[in-house]
Amino acid sequence: MLSLQKRLGSGLLISLTIVFGSLWLVTRIAIEHLAEEYVVSRLSHDSESLLAAVQINTKGQVQMDSTHIAPTIYQRPFSGHYYRIQSSHTMIRSRSLWDQDLDVPLLQSGEVTRIHTLGPLQQHLLILVRGYQKQDIVISIAIAEDLSQLDAEIAIFQRYFAITAGTTLFILIVLQILILRGGLHPLHRITHELRELGQGQRHSLEVDTPHEIAPLVHEVNRLLVSNIQRVNRSRNAMADLAHALKRPLTVIQQHLQEHRKALPSSFTTVTESQLQNIRHSIEHILRRANLAGSGPAIVRLDAHTDIQDLINSLQHMYFDKQLHIDYVQIEPLTIAFDRQDMLELLGNLLDNACKWARHLVRLELVKNTELCIKVEDDGPGVADTDRAKLLQRGNRLDESTEGHGLGLAIVKDIVDQYNGHIDFSSSDRLGGLCVQVNLPIPDINGSSTIND
Amino acid sequence: MRLLLVEDDHVLVHSLSQSLQRAGYAVDSTDNGIEAEYLGNENLYDVIILDLGLPDRAGLEVLKNWRQQGNTVPVLVLTARNAWHERVDGFKTGADDYLGKPFHVEELIVRLNALMHRAQQQPGGLLHAGDITLNEETQMVSTADGTQHVLTGTEFRLLRYFILHPNRVLSKSILTDHVYEQDADKDSNVIETYVKRLRQKIGKSHIETRRGQGYVFKSGIN
């Protein structure tokens with residue numbers, strides 16, 4: 001979806017442009033109209049003055065009473081003011097026309113017409129032609145004025161108007177961008193906070209927000225709290241259940257061992273294997289139920305300390321093997337995943353590697369678009385054909401090693417929960433098994449960003 | 001080796017104590033965290049098995065307090081809470097080993113023995129001291145000529161303590177403390193009898209008597 005800023009911005013831009021464009025157009029038409037009307041009314045007066053000065057002699061010819069023609073503008077050649085009087089027999093042109101003529105029709109009495117045309121010296125002429133009847137003779141008086149000067153002034157006005165309007169438009173657009181930025185700032189902040197939330201750098205959103213989005217923020221915070229509570233409650237309940245179930249199991253197992261000699265071996269074998277089944281099921285189901293899954297991490301894994309602690313723990317557990325566990329971190333990592341889930345994942349992977357390794361285990365973490373976890377050992381490795389079975393071992397309850405197989409089945413659960421995938425190969429570096437887990441990194445800023 | 005078992009499930013304590021005693025540990029037990037913390041600081045125990053879900057004071061807190069007070073006694077955490085983050089927290093607090101419930105006693109004992117060796121800078125596997133070799137699993141000792149001697153429970157406990165604490169003076173009361181349980185009938189003269197019997201089996205030269213002080217086990221004698 002288009003960002004809010006772009007949508008509001010383009011909407012305002014378009015409407016402002018339309019408003020200013022039509023304003024400019026209306027003004028232009030109005031001004032031109034006004035100017036023309038003004039000129040026409042003046043020409044109309046002049047036309048009437050000319051009519052008054054027209055004399056009809058006894059032969060029916062039209063004559064000008066020169067005393068009536070006051071303005072010298074009709075005398076000076078190409079002055080821009082012209083007239084032309086025509087009757088059926090005679091035609092009189094103003095001296096200013098010199099050797100030119102005006103191409104106008106002969107009108108009947110009472111008819112009026114306006115003509116825009118090019119006159120002498122390419123002047124833009126407005127000609128008002130009017131038909132009169134004087135002493136039974138039809139006279140058509142055309143009177144013209146050069147509009148070039150007026151046109152130029154109108155053009156200047158329009159240029160100034162366009163410049164002013166354009167500048168105002170520009171200022172308004174800049175202003176609205178600034179206002180939008182300011183107005184959307186709380187949203188930018190929330191986007192930023194959500195990103196931090198996703199990376200586990202914060203546990204809630206700031207509540208100091210405009211009241212339009214305050215309900216959203218409150219709701220998100222409420223959901224976050226209730227999610228954390230739910231996960232914690234469920235984890236605690238699971239831990240209690242585990243505790244409650246494992247205690248009697250331990251006691252039964254103890255008793256069975258103690259009285260082994262007194263009991264028929266078929267009984268102890270069956271009971272022990274069933275106990276083991278229960279134990280594995282409890283372990284498997286509880287651990288799966290405890291997964292937080294991807295999403296805002298409750299407590300984020302610290303890629304340095306937590307993993308180092310885990311390695312120390314494993315070195316304690318496999319003390320007699322004197323294992324060397326190499327931890328390679330290609331670059332400083334921040335991993336936005338739940339600490340418990342990740343320790344469970346890495347713990348089981350490394351535990352499996354330590355179990356089979358002779359001296360060396362190598363853990364490598366690389367983060368690009370995905371988090372890539374690679375665990376290698378220098379143990380005997382697993383044949384290609386058997387690799388597919390690795391993940392099913394937990395279900396088949398292979399009892400050759402204590403707790404064996406369960407670990408990788410849990411790894412598979414975690415990987416599934418995080419929509420990742422797991423691959424087994426042979427380690428080129430160490431010669432044993434190489435387990436590679438890829439987990440997609442949750443990206444909450446994605447397309448929902450309101451950044452440009 | 002004297003062991004403190006901190007566990008609030010009495011049925012488990014009962015059966016586990018018997019298995020541990022058979023494996024050569026003098027076992028005392030307590031079912032609550034406050035008493036456990038006090039006992040653990042007595043400087044009497046060679047190893048402690050600690051449950052985490054204790055009444056009165058949580059197991060991890062007890063462990064933390066021991067470590068803060070400079071108590072370095074080896075601690076094996078035995079708990080139903082065995083998710084990896086709980087393990088990591090346990091080791092971080094100062095646990096030396098971690099075993100999830102339910103467990104096999106054999107594994108617990110193997111881990112305890114390994115922990116004992118580690119605490120005394122001894123390698124894993126069989127215990128060697130000069131020409132004698134002690135097998136903790138079978139509780140038999142073999143001497144230079146290859147003869148195997150079966151040891152009684154107390155003889156085994158005593159010899160193992162000697163081998164794990166070689167070349168230092170061990171008074172009768174120390175030996176009594178580490179061989180017998182809290183409520184056992186302690187008569188230090190009994191130790192003399194057992195030392196005499198051990199000498200018959202492994203040779204006189206291994207255990208020297210320091211008059212008025214106690215005994216010294218010589219590890220380098222062939």
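Biologist: In this predicted model, over how many bridges do strand 6 and strand 7 of chain A pair?

Modeller: Strand 6 of chain A covers residues 124-134. Its pairing with strand 7 of chain A is antiparallel, and Val129(A) has Ala142(A) as its bridge partner in strand 7. The number of bridges between strand 6 and strand 7 of chain A is 10.

Biologist: Which residue takes a positive phi in the hairpin of strand 6 and strand 7 of chain A?

Modeller: Two residues lie between the strands of this hairpin. The positive phi there is near 50°, and the residue that takes it is Gln135(A).

Biologist: Which residue of strand 7 of chain A is the bridge partner of Arg84(A)?

Modeller: Strand 3 of chain A, residues 81-87, runs antiparallel to strand 7 of chain A, and seven bridges join them. In strand 7, Val129(A) is partnered by Ala142(A). The partner of Arg84(A) in strand 7 is likewise Ala142(A).

Biologist: Why is strand 7 of chain A described as largely enclosed by the rest of the structure?

Modeller: A residue counts as buried if 20 or more other C-beta atoms lie within 10 Å of its own. Strand 7 of chain A spans residues 137-146 and is largely enclosed because, of its 10 residues, the number buried is eight.

Biologist: What length does helix 3 of chain A reach from its first C-alpha to its last?

Modeller: Helix 3 of chain A runs over residues 214-258 and has 45 residues. At 1.5 Å a residue, 66 Å would be expected. The helix comes close to that expectation, reaching 65 Å.

Biologist: Which helices of chain B are included in what covers the buried residues of helix 3 of chain A?

Modeller: The buried residues of helix 3 of chain A include Ala242(A), Lys246(A), Thr250(A) and Val251(A). Within chain A, the cover includes helix 4 (265-289). From chain B, it includes helix 1 (10-22) and helix 5 (105-119).

Biologist: What percentage of the residues in chain B is buried?

Modeller: Chain B has eight helices and 12 strands. Among its contacts with a separation of 6 or more, 57% are between residues 24 or more positions apart. Of the 222 residues in chain B, the buried share is 45%.

Biologist: Which are the edge strands of the open sheet with the order 6-7-8-9 in chain B?

Modeller: This sheet has four strands with antiparallel pairing. An edge strand pairs on one side only, which here applies to strand 6 (127-129) and strand 9 (148-150) of chain B.

Biologist: Which residue in strand 9 of chain B stands opposite Ser142(B)?

Modeller: Strand 8 of chain B, residues 140-142, runs antiparallel to strand 9 of chain B, and three bridges join the two. Opposite Ser142(B) in strand 9 stands Gln148(B).

Biologist: Does Leu390(A) count as buried, partly exposed or exposed, and what is the count of C-beta neighbours?

Modeller: Leu390(A) is in the loop between helix 7 (384-387) and helix 8 (393-396) of chain A. Beyond neighbours within four places in sequence, Leu390(A) contacts Val382(A), Leu408(A) and Phe424(A). The C-alpha atoms of Leu390(A) and Leu408(A) are separated by 7.1 Å, although the two residues are 18 apart along the chain. Because burial requires 20 or more C-beta neighbours within 10 Å, Leu390(A) counts as partly exposed with 19.

Biologist: Over which stretches of chain A is the pLDDT below 50?

Modeller: The mean pLDDT of chain A is 83, and 91% of its residues reach 70 or more. Where pLDDT is low, the predicted coordinates should not be read in detail. The stretches of chain A with pLDDT below 50 include residues 394-404 and residues 445-452.

Definitions and conventions:
Residues are numbered from 1 along each chain as its sequence is written. Chains are lettered from A and ligands numbered from 1 in the order in which they are written. This is a predicted model: local features need pLDDT of at least 70, side-chain atom pairs count only at pLDDT 80 or more; totals for chains, interfaces and linings use all residues. The expected span of a helix is 1.5 Å times one less than its number of residues. A residue is buried if 20 or more other C-beta atoms lie within 10 Å of its own, exposed if 12 or fewer, and partly exposed in between; C-beta atoms are placed from the backbone. Two residues are in contact if their C-beta atoms, placed from the backbone, lie within 7 Å. Two strands pair if DSSP finds at least two bridges between them. pLDDT is the predictor's confidence in each residue, from 0 to 100.
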